[in-house]
Amino acid sequence: RCRKVKETSKVGQCPRPAKPIEIYEFEGCPFCRKVREMVSVLDLDVLYYPCPKGSPTFRPKVLEMGGKRQFPYMVDPNTGVAMYESDDIINYLAKTYGDGSVPIMLKLGLLTTITAGLALSGRSGKGSSYTPAKLPSQPIEIWAYEGSPFCKIARETLVELELPHLLHSCARGSPKRQDFFKKYGLFQAPYIEDPNTGVKMFESADIVEYLRATYALRQRLS
Ligand SMILES: N[C@@H](CCC(=O)N[C@@H](CS)C(=O)NCC(=O)O)C(=O)O
């Protein structure tokens with residue numbers, strides 16, 4: 001017997017930000033991971049400014065803007081609100097761009113931090129430290145969502161190279177999946193479009209190779 005999975009979501013009825021939310025963070029941080037999960041739940045488009053350890057551009061900017069070198073840090077250009085603290089950011093996003101509710105797994109305090117950390121532990125710190133890279137003039141666009149291991153591989157590299165990226169959330173249930181399907185004839189994530197070079201591509205391994213070849217200052221041997 002064939003069972004169909006029906007994709008539904010309430011996000012279509014929620015207010016959408018006119019300009020993307022800006023989040024300063026890095027892939028390997030469990031507190032940042034919690035916020036990224038909420039971003040997927042709310043189907044938001046977010047401009048991520050990567051702040052891996054040792055990175056020269058956005059880490060100092062956060063210190064300048066907020067007074068602390070702590071991640072995640074969120075700026076909402078639509079409301080002028082800016083804040084640290086993953087729980088505060090999650091609650092703000094839920095109230096402003098959702099129905100106010102936060103999924104149970106994201107509001108268990110220490111347990112949420114531990115489970116978010118476990119979700120990252122198999123990748124042994126990937127997406128936490130900086131690899132010297134050229135800074136592009138425009139953010140790279142990526143269609144991705146937090147639950148996908150293939151999207152994670154692509155984002156680790158975006159973060160390690162400190163490449164600003166506009167992430168179009170497209171988790172299960174996202175109405176953007178249908179739009180994507182109409183445009184490209186299939187749905188597959190991750191997918192990137194780099195306005196700096198005109199490159200468009202699927203496949204996490206190809207994306208990683210492209211990003212390193214285009215932006216890393218020292219090429220890896222492996
Ligand atoms: N209570 C904060 C904790 C955030 C936190 O400790 N973030 C770490 C990264 S996982 C940090 O900013 N460390 C300083 C650094 O990376 O330089 C929250 O929930 O957002």
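How far is an oxygen atom of the ligand from an N or O atom in the side chain of R59? The two are 2.8 Å apart, which fits a polar contact (a pair of N or O atoms within 3.5 Å). Before going on, please note that this is a predicted model, in which local features need pLDDT of at least 70 and side-chain atom pairs count only at pLDDT 80 or more, while totals for chains, interfaces and linings use all residues. Residues are numbered from 1 along each chain as its sequence is written, and side-chain values use heavy atoms, leaving out hydrogens and water.

Let's stay with the ligand. S86 places a polar side-chain atom 2.5 Å from a ligand oxygen atom, and E85 has one 2.7 Å from a ligand nitrogen atom. Of the 500 Å² that the ligand exposes when taken alone, the protein buries 73% (accessible areas by the Shrake-Rupley method with a 1.4 Å probe). Among the residues surrounding the ligand are F26, C29, P30, K53 and R69, each with a heavy atom within 4 Å of it. This shell divides into six nonpolar, two polar and four charged residues; here Ala, Val, Leu, Ile, Met, Phe, Trp, Tyr, Cys and Pro count as nonpolar, Asp, Glu, Lys and Arg as charged, and the others, Gly among them, as polar.

Finally, the domain record. An unreviewed UniProt entry lists residues 19-101 as "domain: GST N-terminal", and such annotations may be inferred rather than shown by experiment. Over residues 19-101 the chain is 41% helix and 23% strand, counted as DSSP runs (H or I, at least four residues, for helices; E, at least two, for strands). The end C-alpha atoms of residues 19-101 are 22 Å apart.

How values were computed
A polar contact is a pair of N or O atoms within 3.5 Å; within protein, one must be able to donate a hydrogen and the other to accept it, and residues adjacent in sequence count only if both atoms are side-chain atoms.
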